[in-house]
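Q: Could you take me through one small part of this model up close, the strands that pair towards the end of one chain? After that I'd like to hear how the two chains sit against each other.

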Number of protein chains: 2
Amino acid sequence: MEVSEFFPVWNKLTENQRATIAGAAFERDFPKGGILHKGGTECTGLILVQSGQLRAYTTSPDGKEITLYRLFERDMCLLSASCMMNGIQFSVWLTAEKDSKVTVIPADVYKAVMKESAPLANFTNEVIAERFTDTMWLIEQIMWKSFDRRLAAFLVEEADIEGSNTLKTTHEAIGNHLGSPREVVSRMLGYFASEGLVKLSRGTVEIVDEKRLRELADE
Amino acid sequence: MEVSEFFPVWNKLTENQRATIAGAAFERDFPKGGILHKGGTECTGLILVQSGQLRAYTTSPDGKEITLYRLFERDMCLLSASCMMNGIQFSVWLTAEKDSKVTVIPADVYKAVMKESAPLANFTNEVIAERFTDTMWLIEQIMWKSFDRRLAAFLVEEADIEGSNTLKTTHEAIGNHLGSPREVVSRMLGYFASEGLVKLSRGTVEIVDEKRLRELADE
């Protein structure tokens with residue numbers, strides 16, 4: 001995919017601005033499990049997802065994790081370029097959940113064009129607003145939803161992403177998505193299994209009663 | 001305070017743009033307890049705080065609350081104008097915690113100027129990024145901090161805001177800030193009192209051992 005296709009406002013940039021962005025962009029491949037961005041330590045740049053799947057998450061001082069949002073083909077990650085947004089002062093990690101190809105636009109290049117282009121600045125605004133919405137949704141989930149419903153919601157979302165009711169994942173990985181200890185995940189999955197919602201085997205969670213699991217998730 | 005003083009980029013707007021914004025702006029007074037913005041139901045506009053103190057919070061379907069951030073003199077609230085940001089799809093409530101005077105810039109006016117002004121769009125970006133940082137901080141608090149430390153942090157923050165160690169507040173109000181039931185707040189405050197950190201009386205929480213409370217908050 002061309003860089004231009006990621007930006008609905010591409011036609012509103014000057015020829016010069018388009019050349020600046022396209023000329024500075026470069027491709028990178030990350031194998032599954034690869035780290036694209038480590039917290040607040042570096043200024044990776046704006047990341048455009050060509051293929052694969054990325055996971056943005058935040059970590060506790062003692063290494064616990066919670067997923068903030070996922071990025072798929074055609075998505076754009078601004079927080080890995082938070083160095084270019086003066087107001088943002090928190091750190092996000094970004095890893096590849098599948099083999100992924102991304103295009104990177106260096107933060108200083110993007111920032112320079114955004115500074116002089118109202119269309120690009122307004123578009124960037126909207127992308128930030130979308131991620132902001134994702135994290136507000138997360139707050140509401142954490143605060144108001146019980147753990148069984150959050151786990152059910154996570155499982156059906158995963159099934160939708162994978163296009164399969166057989167999920168290859170570990171209890172620990174699920175815990176890292178939801179910000180919960182492995183033991184808590186195992187206990188609730190065991191309960192789900194006893195209720196006939198899922199079937200568990202090593203490294204796999206199989207959804208067997210999708211309808212009831214979705215009802216629980218939507219409660 | 002003039003509208004211009006709220007915008008560090010005011011000098012980078014055209015004369016026309018400045019007149020448009022200043023001409024559309026109007027003042028409003030809200031008594032303590034007054035509601036400035038009700039969730040997603042209306043497009044209040046951009047709110048500039050002239051004096052007083054505002055509280056932004058989100059609510060659960062059954063009416064529970066959690067404070068997202070506070071706004072003080074010279075602060076600006078964009079989320080009450082979320083209707084003008086296409087990407088934002090969540091609802092924030094805004095109430096006056098003290099008698100407050102605000103200036104409102106209608107959302108459509110602000111949006112029109114922002115659309116053509118790169119400086120204003122970039123400045124708006126930074127304001128959103130700051131609020132985004134506030135809510136990310138909140139996620140980290142909720143996820144990784146135990147309730148005693150969150151309560152201690154809330155009490156010392158309140159004392160800083162009020163400039164007094166005697167806080168006029170109820171256990172229910174504290175619960176609404178922290179997203180916790182009143183009973184949980186009462187129990188922990190009772191524990192704090194038994195440890196000699198605070199003294200409780202009707203409608204008042206008095207901080208008596210500020211040093212230890214701050215240590216607990218920073219743990």
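A: Let's start with S9(A), residues 166-168, and S11(A), residues 204-207: the two run antiparallel and are joined by three bridges. Strands here are DSSP runs (E, at least two residues), helices are H or I runs of at least four, and both are numbered from the N terminus. Two strands count as paired if DSSP finds at least two bridges between them. If you want a spot to click on, Leu167(A) has Val205(A) in S11(A) as its bridge partner.

S11(A) also has S10(A), residues 198-201, as an antiparallel partner, this time through four bridges. Here Ser201(A) is bridged to Thr204(A). S10(A) and S11(A) form a hairpin with two residues between the strands, and Gly203(A) takes a positive phi near 75° there.

A word on the ground rules: this is a predicted model, where local features need pLDDT of at least 70 and side-chain atom pairs count only at pLDDT 80 or more, while totals for chains, interfaces and linings use all residues. Residues are numbered from 1 along each chain as its sequence is written, chains are lettered from A and ligands numbered from 1 in the order in which they are written, and side-chain values use heavy atoms, with hydrogens and water left out.

Now for the two chains. Chain B lands on chain A after a rotation of 180° with 0.0 Å of shift along the axis, at an RMSD of 0.0 Å (a least-squares fit on C-alpha atoms of residues with pLDDT of at least 70 in both copies). The copies are thus related as by a two-fold rotation axis. In chain B, Ala118(B) has the C-alpha nearest that axis, 1.9 Å away.

As for the contact itself, 40 residues of chain B touch 40 of chain A, with contact meaning heavy atoms within 4.5 Å. The copies meet through the same surface, since 100% of chain B's interface residues are also interface residues in chain A. Together they bury about 3400 Å², 73% of it on carbon and sulfur atoms; that's the accessible area (1.4 Å probe) lost on being put together, summed over both.

On chain B's side, the elements giving two or more residues are S4 (53-59), S5 (65-72), H2 (107-116) and H3 (118-144). H3(B) gives the most, with 20 residues.

Methods. Buried area = accessible area lost by both parts, 1.4 Å probe.
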